[in-house]
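This report describes the secondary-structure packing of one protein model. It treats helix contacts, the two sheets and selected loop residues in turn.

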Amino acid sequence: METSTNMQDKPVIIFVSAVYPSQYSLLCSHLRASGAADSWFMTMPGHAENYASQCDHLLSFRPDGDIVGPQSYYYSSKVERSARIGRGLLQGLQAFEKEKGKRIDVVVAHSLWAAPNLLYGEIDAAIVSYIEFPSYRVHGNEPDYPPDLSQRLADRNMEMLHYHQVLCSDLTITPSAHARSLFPPLLQERVAVQFEGFDIQAPDEQAEPPPRQDTRFTVAFSSRDLSSSKGFETFMRLVDRLVREGDGQQMRFIALGDPTAVTYGYEQQWVERRYQGKVASFRDHLLQIHPAAQVVEFPGKLPYDEFARTLASVDLFLYPLRYGVANWGLMEILARGGCVIGSNWGFVPELVQNDVNGLLLPDSDDAWIGAIRQLRDDPARRQRYGRAARETGKRFHISNVAPRFMDLFRLAMARRKASPLMLE
């Protein structure tokens, strides 16, 4: 079997996740296209088949049983699902080495959709585990919408799964320093911080901006889900107040995101229990308690091109994050030169520098209302933030971030070489 650990060979890196596209699919393609690594992406057979015409380096693995829907026992469902994935993943990786005649140098595994727990001691490759956050308990949720006892107990097994990965993986990567801080101090030295790379095309600053049908000052919220954790509740409360205090006629408000998407919180079950099916979503609940926010437009989940055009029509983005460890949508806004007001806690200060590429504010409605009005009346300041935000986006372009990931993968390889696991 070939080995690629000498300096003249490209390392063989297998990225794995049952979901595709997913974390690191762009990185995998970039490393392969740039010649930095012999990189492959291993995913479910259906994804491998569906994307075969778009990607020539997809591999497939088949989980040991059904991973869709409930498992046999609620409280250990994530552990059971991860074991089914891990069993199939081990077989897939062993088959790759046998069929390709190549030894894998690094396996980069998603913590839940390709949990590497069954790989330790069974393969020679260095194992890198990607974990967004260790558990929902430490991620946080609004006290007004708490999890049930059963959800809290089940979450302990997710935490256990992740702690084991940090202990046994050659390296664990989280997307932010805030995410790393959620792990116990004893584990944090085994966790590296690296946000993903992107390939977002910033608008041409020299080009004439496209004409806008609605010339009102436009304020937007943008997130995959319209959840309390992402700050949607704060956004609706601020809009309600702006309208009641007379700002509404000169302003337009948009909330981009899917009101029915799965969230990191428990607000939807709270809505179902409170309204007994008479209110469909958390968004609809907020419209009831903040009636002046009825002016908010909800275009729903948009195709990417339409989403990009909509972002270009926004003057000011509000990102009043409550809980979270990273957000790819925020980078999308910054890289496109959007003007952002964000929370001055959590991971947001890792991307937004106060009064440089955006504005950071405390959890105070008065502060946010005042800043919105100031930025509305100060286009030069908005433009200054936007120019700096585009530079932030360039720093996180995939071509700039990929070498940092390769340094981390080499570190994992060195650790594995220094402390090899003995295989039977």
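At what angle do the axes of H8 and helix H10 cross, and within what distance do they come? In this predicted model, the crossing angle between H8 and helix H10 (residues 282–289) is roughly 30 degrees, and the axes come within 10 Å. An angle under 35 degrees counts as roughly parallel, and H8 and H10 are therefore roughly parallel to each other. Their crossing is right-handed. On the H8 side the contact is made by Phe232, Glu233 and Met236, and on the H10 side by Phe282, Arg283, Leu286 and Leu287. By class, the residues of this contact of H8 with H10 comprise five nonpolar, no polar and two charged.

**Helix H8 and helix H13**

Helix H8 (residues 232–244) also packs against helix H13 (residues 365–376), at an angle of about 65 degrees and with the axes 11 Å apart. The crossing of H8 and H13 is likewise right-handed. Here H8 contributes Arg237, Leu238, Arg241 and Leu242, which meet Asp365, Asp366, Trp368, Ile369, Ile372 and Arg373 of H13. The contact of H8 with H13 is composed of five nonpolar, no polar and five charged residues.

**The seven-stranded sheet**

An open sheet of seven strands follows the order S3-S2-S1-S4-S5-S6-S7, and its pairing is parallel. Strand S3 (58–60) and strand S7 (191–193) are the edge strands, each pairing on one side only. From one strand to the next, the twist averages 25 degrees.

At the S3 edge, strand S2 (residues 38–43) runs parallel to S3 and is joined to S3 by three bridges. Within this pairing, Met42 has Leu59 of S3 as its bridge partner.

Towards the other edge, strand S5 (residues 126–130) and S6 run parallel and are joined by three bridges. S6 and S7 also pair in the parallel sense, over three bridges. Residues of S6 can be matched to partners in both of these pairings: Val128 stands opposite Leu171 in S6, and Thr172 has Val191 of S7 as its bridge partner.

In a regular strand the side chains alternate between the two faces of the sheet. Which residues of strand S6 lie on one side, and which on the other? Leu171 and Ile173 are on one side of strand S6 (residues 171–174), with Thr172 and Thr174 on the other. All four of these residues are buried, and both faces of the strand are covered.

**The five-stranded sheet**

A further open sheet has five strands in the order S9-S8-S10-S11-S12, again with parallel pairing. Strand S9 (251–258) and strand S12 (359–361) each have a single partner strand, so one side of each is left without a neighbour in the sheet. The twist of this sheet averages 25 degrees from one strand to the next.

Strand S11 (residues 340–343) pairs with S12 in the parallel sense over three bridges. Gly342 stands opposite Leu360 in S12. Helix H11 (residues 304–312) packs on the sheet and touches strand S8 (217–225), S9 and strand S10 (316–319). The direction of H11 makes about 155 degrees with that of S9.

**Two loop residues**

The table gives the relative accessible area of a residue from each of two loops.

| Residue | Relative accessible area |
|---|---|
| Leu302 | 18% |
| Ser229 | 2% |

Leu302 is found in the loop between H10 and H11. Buried means under 20% relative accessible area, so Leu302, at 18%, is buried. Setting aside neighbours within four places in sequence, Leu302 is in contact with Leu256, Phe307 and Thr310. Leu302 and Asp258 are separated by 44 residues in sequence, while their C-alpha atoms are 8.9 Å apart in space.

Ser229 lies in the loop between S8 and H8. With a relative accessible area of 2%, Ser229 is buried. What does Ser229 contact, leaving aside its neighbours within four places in sequence? The residues in contact with Ser229 are His139, Gly140, Gly265, Glu267, Leu321, Arg322 and Tyr323.

Methods: Residues are numbered from 1 along each chain as its sequence is written. This is a predicted model: local features need pLDDT of at least 70, side-chain atom pairs count only at pLDDT 80 or more; totals for chains, interfaces and linings use all residues. Side-chain values use heavy atoms; hydrogens and water are left out. Axes are lines fitted to C-alpha atoms, for helices over the stretch in contact, and angles run from 0 to 180 degrees between N-to-C directions. Helices (H or I, at least four residues) and strands (E, at least two) are DSSP runs, numbered from the N terminus. A crossing is left-handed if the near helix is turned anticlockwise from the far one by less than a right angle, and right-handed if clockwise. Contact means heavy atoms within 4.5 Å. Ala, Val, Leu, Ile, Met, Phe, Trp, Tyr, Cys and Pro count as nonpolar, Asp, Glu, Lys and Arg as charged, and the others, Gly among them, as polar. Angles under 35 degrees count as roughly parallel, over 145 as roughly antiparallel, 65 to 115 as roughly perpendicular and the rest as oblique. Two strands pair if DSSP finds at least two bridges between them. Buried means under 20% relative accessible area, exposed over 50%, partly exposed in between (1.4 Å probe, protein chains only).
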